[in-house]
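Some terms used for this structure rest on fixed cut-offs. The turns below set the computed values against them.

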Amino acid sequence: MSDPKQDEGLIMLLEEQVNEFNQWRMKNLTLKLDYTGADFSNKDMSNAYLNGINFTECNFSNSIVNGTNFVQANLANTDFESSDMSGALIMYSVLKDSNLAKSQLTNTNFMWSDLQGVDLRESILDKTIFVEANLTNAKTENLDKSKAFLKFAKLDGTTWQQ
């Protein structure tokens, strides 16, 4: 059975009503939101408060999530291909086996996140933070790691491996 509270938040996001969603989210901080499998492709959700939400197997391809807060979110098996994620906070999050190929990742913060098996090919890295992130088996071919902060990152199985 569908939860009306969850549906209310989901509808606001699908209609790109970010300010309204953020106000609603602040009033419903204890609500455990689960939007597994939702399609947010081609949406502008810049600056949304999406922290702690389960977005497993969602589609964010070609979306704009500049400055969005995904802290402690579950983004496993999620598609962000060709998205603009500049300035997004994605700390302490799970992105295992997600697709971030061809995405804009300038100033994006992945500190302490699980990025095992993530596809980063053809993404734009500039001041991208991967401090203490787990990038084991991530697809990093032809990416310039000099534009990323990788202190204490796990790089086993990547082309960035030391």
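Q: Which residues of helix H1 are called buried?
A: The buried residues of H1 (residues 4–14) are Gln 6, Gly 9, Met 12 and Leu 13. Buried means under 20% relative accessible area, exposed over 50%, and partly exposed in between (1.4 Å probe, protein chains only). H1 counts as a helix under DSSP runs (helices H or I, at least four residues; strands E, at least two), numbered from the N terminus. The model is predicted: local features need pLDDT of at least 70, side-chain atom pairs count only at pLDDT 80 or more, and totals for chains, interfaces and linings use all residues. Residues are numbered from 1 along each chain as its sequence is written, and side-chain values use heavy atoms, with hydrogens and water left out.

Q: What puts these residues on the same side of H1?
A: They cover an arc of only 130° around the axis, so they lie on the same side of H1. The arc is that of the directions from the helix axis to the C-beta atoms.

Q: What covers the buried residues of H1?
A: The cover includes H2.

Q: Why is Asp 156 called partly exposed?
A: Its relative accessible area is 49%, so Asp 156 falls between the limits for buried and exposed.

Q: Which residues does Asp 156 touch?
A: Asp 156 touches Leu 135, Thr 136, Asn 137 and Gln 161, not counting residues up to four places away in sequence. Contact means heavy atoms within 4.5 Å.

Q: Why is Leu 29 called partly exposed?
A: Leu 29 has a relative accessible area of 48%, so the term partly exposed applies.
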